[in-house]
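Student: I'm new to this one. Could you take me through the ligand site up close?

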Amino acid sequence: MKLADRQELFSRLAELNPKPTTELEYSTPFELLVAVTLSAQATDVGVNKATRRLFPVANTPQAILALGEEGLKSYISTIGLYNAKAANVVAACRILVEKHGGEVPRDRESLEALPGVGRKTANVVLNTAFGEPTIAVDTHIFRVANRTGLAPGKTVRAVEDKLMKAVPAQYRLDAHHWLILHGRYVCKARKPDCPNCVIRDLCRYRDKTPGPAGR
Ligand code: SF4
């Protein structure tokens, strides 16, 4: 996609939603780290329901360690894979306390060294908690990047690398949220809402869904 079209694409998404952010509820980098870790293969709504009960009781690594793995499970048992997630969160809290003074580190290497934290989670934390212009490619972004022709790629990492080059610099910080929200609510997996899509004319997807007039 040529630069002018990429500029136009993001200026339209930006106009629709000037201050995009995550739908996960959090108030500190640590809360965000926990919420993102819990959100793998779960919905943000489901995670928010659990963390609304958990965070008032325990929202620091020390407090979660005091709660213990079993105690933590009692708050997150409605979330898929909660056994493994509880073990990872507790193990991550131990490292945060022992190696990082109880704070969430601001560098990728330290974040990815935490149990349960992969590149995507590290990117979300760096972007949303610390304001770094990273792009965490999830299933929605992967789909939108490929369908539109913005940053086509066969793997998540290939798409991430292409997006970092394709997204104009002034949009890079928020691109992550614009693309996720666009994929979640408009460019949906089974039936993209092409007739109501603000970037329809820029998008190169061959199988766009037709509007009422069949166009
Ligand atoms: S036109 Fe359709 S396929 Fe293209 S981005 Fe919009 S919703 Fe997705």
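Tutor: Let's start with the ligand's surroundings and then look at the largest pocket. This is a predicted model, where local features need pLDDT of at least 70 and side-chain atom pairs count only at pLDDT 80 or more, while totals for chains, interfaces and linings use all residues. Residues are numbered from 1 along each chain as its sequence is written, and side-chain values use heavy atoms, with hydrogens and water left out.

The ligand sits in the largest cavity; a cavity is a set of points on a 1 Å grid over the protein atoms alone where a 1.4 Å probe fits but cannot get out, and "sits in" asks for more than half of the ligand's atoms within 2 Å of its grid points. Around the ligand, meaning with a heavy atom within 4 Å, you'll find Arg147, Thr148, His182, Cys187, Pro192, Cys194, Cys197, Ile199, Arg200, Cys203 and Tyr205. That shell has 7 nonpolar, 2 polar and 2 charged residues, with Ala, Val, Leu, Ile, Met, Phe, Trp, Tyr, Cys and Pro taken as nonpolar, Asp, Glu, Lys and Arg as charged, and the others, Gly among them, as polar.

Cys187 is buried at 9% relative accessible area, and Cys197 is buried too, at 16%; buried means under 20% with a 1.4 Å probe, protein chains only. As for disulfides (cysteine sulfur pairs within 2.5 Å), the whole structure has 0.

Now the largest pocket, an open set of grid points with protein on both sides within 12 Å along at least five of seven lines. Its lining counts 33 residues, with Ser39, Ala42, Asp44, Asp138 and Arg184 nearest the centre, and divides into 12 nonpolar, 15 polar and 6 charged.

Key. Buried means under 20% relative accessible area, exposed over 50%, partly exposed in between (1.4 Å probe, protein chains only). On a 1 Å grid over the protein atoms alone, a cavity is a set of points where a 1.4 Å probe fits but cannot get out, and a pocket is an open set with protein on both sides within 12 Å along at least five of seven lines; lining residues have an atom within 4 Å of a point.
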